[in-house]
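Visitor: I am new to this structure and would love a close look at its aromatic rings. Could you walk me through them?

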Amino acid sequence: MAEVTISDLRKSYGGLDVMHGVNVDIPDGEFVVLVGPSGCGKSTLLRMIAGLEGVTGGTIRIGGRVVNNLPPAERNIAMVFQNYALYPHKTVAANMGFALKMQRMDRAEIDARVARAADILGLKPYLARFPRELSGGQRQRVAMGRAIVRDPEVFLFDEPLSNLDAKLRVQMRSEIRELHQRLSTTTVYVTHDQIEAMTMADRIVVMKDGHVSQIGAPLDLYDRPANVFVAGFIGSPAMNLIEGVVRRDGGVVVEAGTDRLPAPDLPGMDDGRRVIFGIRPEHLLRDDAGFAAAVAVVEPTGAETHVVLRMGARDVVAVFRDRLGLRPGNTLRLSPQPGMVHVFDAETGQRIG
């Protein structure tokens, strides 16, 4: 096992800069998820750690050793890809042990490592099968087993669950998390799915356009997003973000059109300042004294009901645990739950307070 230290990392393709001085410290044994929209640089960063992409500037250290110019085989990492990358003509056992065979490891040691990994992953009944005889989840386990047998210092996962159906993704992310708890190997995991990030990570690195927007524990990012991008990206349904102007007349409110939304009295909440008022859907409460919004769409999910409402010219989303029997065209009055409001500067997008 080893820590991974990324310092002022930069990547350019010709005159196009795609990574802009990224800094991330990953302690030994931590499970870190890189998350962000397509094109944000998360997979490029992972491939740079793996040695599959060159480094334009900055340094990558694994276990204190600078690996910028080392080939992948000398970095003591193991990578699990989105497409499994299994040899179709080799059995499960042969696929899992192939890298060790290429290292000319003793056959008895290869068999022992494969057997151990198969036991961890529940693959013992399938060792003699070929990939075509396995389900998608079983193939992903084989790909993970191939990484485990190498006993690496760092595991790298590149969107490994993207090809699986929704139910299997939930099962596999639990299995990957359990695997990490058993092995305690430093893990860097890339996904565009923020639910995967929230449920699996010790810490999340949120990326946008080759920059790190925020790093923190999942609930820290959810409860205190540093900027509008993180606020809108982390959480499903997304946080409601409403542009307005601060007014201080007998209290602090954000004036959004004809609506006046109660806001916290934070340093910098000066009268007339343009801000973005943020409230998560589950923190909008029914209140006869609140602002009025017309029901546009009702989405029952079973445990919850998601309601899209028209508030003037904008849409907001509210989540209710109870079944309200709402129909499009109904009017609800809502208020933000006290203490759950987020305020961001309208120009910079940064959190106020």
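Guide: Happily! The UniProt annotation "domain: ABC transporter", from an unreviewed entry, covers residues 4-234. Bear in mind that this is a predicted model. Over residues 4-234 the chain is 37% helix and 26% strand, and the C-alpha atoms at the two ends are 24 Å apart.

Now to the rings. A pair of aromatic rings is described by how far apart the centres are and by the angle of the planes. With ring centres required to lie within 6.5 Å, the count comes to five aromatic pairs. Take Phe 155 and Phe 157: their ring centres are 6.2 Å apart and their planes are at 55°, so this pair is tilted. Both Phe 155 and Phe 157 are buried. They also belong to a cluster, in which ring pairs link Phe 31, Phe 155, Phe 157 and Tyr 189.

Another pair is Phe 229 with Phe 233. Here the centres are 5.7 Å apart and the planes are at 20°, which is under the 30 degrees used as the limit, so the pair is stacked. Phe 229 and Phe 233 are four residues apart in helix 8 (residues 228-233), so about one helical turn separates them. Phe 233 has a relative accessible area of 17%, so it counts as buried.

Finally, some rings have a charged partner. Arg 132 lies over the face of Phe 130, at 4.8 Å from the ring centre. Likewise, the ring of Tyr 222 has the charged end of Arg 280 sitting over it, 3.8 Å from its centre.

Technical notes. Residues numbered from 1 in each chain as written. Predicted model: local features only at pLDDT ≥ 70, side-chain atom pairs only at ≥ 80, totals over all residues. Heavy atoms only, no water. UniProt positions renumbered as here; feature names shortened; annotations may be inferred. Phe/Tyr/Trp six-rings, centres within 6.5 Å; stacked < 30°, edge-to-face > 60°. Buried < 20%, exposed > 50% of the residue type's maximum accessible area, 1.4 Å probe, protein only. Lys NZ or Arg CZ within 6 Å of the ring centre and 35° of its normal.
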